[in-house]
Amino acid sequence: MIKTIIIDDEFISRNVLAKLLDLQCPDVEVIKECTNADEGKLAIERLQPQLVFLDISMPGKSGLDMLKEIDDINFEIIFVTAFHEYTIQAIRFSAIDYLLKPVDKSELVQAVDRVKEKVLSKENKEPVKTFLHNMQQTQLNQEMQLCVPGVKGFQIIKLRDILYCEADNTYTVLHLAENKKLIASRPLMDYESLLQDASFVRIHKSYLINIQHLKEYQKGEGGTAIMSNGKHLDVSRRKKEHFIGYMKQFFKY
């Protein structure tokens, strides 16, 4: 059983989530429901849960404020929140699970299944640190950090250090500053979806580039994108129109 605490100021939200967990997630045991961040922090310290469902926005002290006060975050977190684009982006970059209110039962089950894998594998808590960092960047996407999953766990990198991403079957090679590379155990299409609002654009079935590292575009059938490291990347005919439109919007010409 996964010992679980729910922290949410809304009674209905807590009650619905607890009932859904009871019906849909038999491996989860709710050991405490808390109405605010201070009560939640005390319950975490006393009961040592493996999983916390945490509302981000609560009156007074927020869920984020509570996390900053905890020295050793040795539990998994699933955020439960009303939609806020920037907050969701920060969560996704950090590889942490979240649920939007009202909670969908199928999404709940999927999130809990992912948490069970993390609990069993005893993954580190870098994603939480990354999320807290990202929430401090206040709209500066390129200053955000990205949790990159690999065979041995996560590595943390800044978006600004990614020059481009290259498809490698079901993996993605991230080409970084100073000629460094990082292999991620996720396909390129995942990163296209994840980074589309952070100055990244798909130019080819094999390439997703950070537009901030684009130095030159050379015309051609599809054309060629020349990156800040001097690498020449093909632009496919299918992606050319979208790419040029993205460039015009980004560089204001």
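Strands S6 (residues 145–150) and S7 (residues 153–158) are paired in the antiparallel sense through 6 bridges. The connection between S6 and S7 is a hairpin of 2 residues. Within this pair, Gln-145 has Lys-158 of S7 as its bridge partner. The coordinates analysed here are those of a predicted model.

Overall, the protein comprises 8 helices and 15 strands. Its chain holds 253 residues, of which 47% are classed as buried. Among contacts with a sequence separation of 6 or more, 55% involve residues 24 or more positions apart. The exposed surface of the protein amounts to about 13400 Å², and carbon and sulfur atoms contribute 48% of that area.

An open sheet is formed by 5 strands in the order S10-S9-S8-S12-S11, with antiparallel pairing. Its edges are occupied by strand S10 (181–184) and strand S11 (200–204), each of which pairs on one side only. With direction ignored, neighbouring strands of this sheet are turned by 20° against each other on average. The pairing of S11 with strand S12 (residues 207–210) is antiparallel and extends over 4 bridges; here Phe-200 is matched with Asn-210 of S12 as its bridge partner. Two helices pack on this sheet. Helix H7 (residues 188–195) touches strand S8 (162–168), strand S9 (171–176), S10, S11 and S12, and the direction of H7 makes about 30° with that of S12. Helix H8 also packs on the sheet, where it touches S11 and S12; the direction of H8 makes about 150° with that of S11.

A further open sheet contains 3 strands in the order S13-S14-S15, again with antiparallel pairing. Strand S13 (214–218) and strand S15 (232–234) are the edge strands, and each pairs on one side only. From one strand to the next, the twist averages 25°. S13 is joined to strand S14 (residues 224–227) by 4 bridges, and the two run antiparallel. Leu-214 is positioned opposite Met-227 in S14. Helix H8 (residues 237–251) lies across S13 and S14, at about 135° to S13. H8 thus has contacts in both sheets, since it touches S11 and S12 in the 5-stranded one and lies across S13 and S14 here.

His-213 is located in the loop between S12 and S13. With a relative accessibility of 16%, below the 20% limit, His-213 is therefore classed as buried. Its side chain reaches the backbone oxygen of Arg-160 at 2.7 Å. Beyond residues up to four places away in sequence, His-213 touches Arg-160, Ile-162, Leu-163, Ile-226, Met-227 and Ser-228. Among these, Met-227 is the residue of S14 that stands opposite Leu-214.

The largest nonpolar core consists of 19 residues. Those with the most contacts inside this core are Ile-7, Ile-44, Leu-54, Met-66, Leu-67 and Phe-75. Two or more residues are supplied to the core by each of strand S1 (2–7), helix H2 (37–47), strand S3 (51–55), helix H3 (63–68) and strand S4 (76–81).

Asp-8 is placed in the loop between S1 and helix H1 (11–24). The relative accessible area of Asp-8 is 4%, and since buried status requires a value under 20%, this residue counts as buried. The side chain of Asp-8 makes two polar approaches: to the backbone nitrogen of Glu-10 at 2.9 Å, and to the side chain of Lys-101 in a polar contact of 3.0 Å. When residues up to four places away in sequence are set aside, Asp-8 touches Ser-13, Arg-14, Cys-34, Thr-35, Asp-55, Met-58 and Lys-101.

Asp-27 occupies the loop between H1 and strand S2 (28–34). In contrast to the buried Asp-8, Asp-27 has a relative accessibility of 36% and is partly exposed. Apart from neighbours within four places in sequence, Asp-27 is in contact with Met-1, Ile-2 and Lys-116. The C-alpha atoms of Asp-27 and Lys-3 are separated by 8.9 Å, although the two residues are 24 residues apart along the chain.

Notes
Residues numbered from 1 in each chain as written. Predicted model: local features only at pLDDT ≥ 70, side-chain atom pairs only at ≥ 80, totals over all residues. Heavy atoms only, no water. Pairing = 2+ DSSP bridges. Axes fitted to C-alpha atoms, helices over the stretch in contact; angles between N-to-C directions. Contact = heavy atoms within 4.5 Å. Core = buried A, V, L, I, M, F, W, Y, C linked by side-chain atoms within 4.5 Å. Buried < 20%, exposed > 50% of the residue type's maximum accessible area, 1.4 Å probe, protein only. Polar contact = N/O pair within 3.5 Å; in protein donor to acceptor, adjacent residues only side chain to side chain. Areas by Shrake-Rupley, 256 points an atom, 1.4 Å probe, with all protein chains shown as cover.
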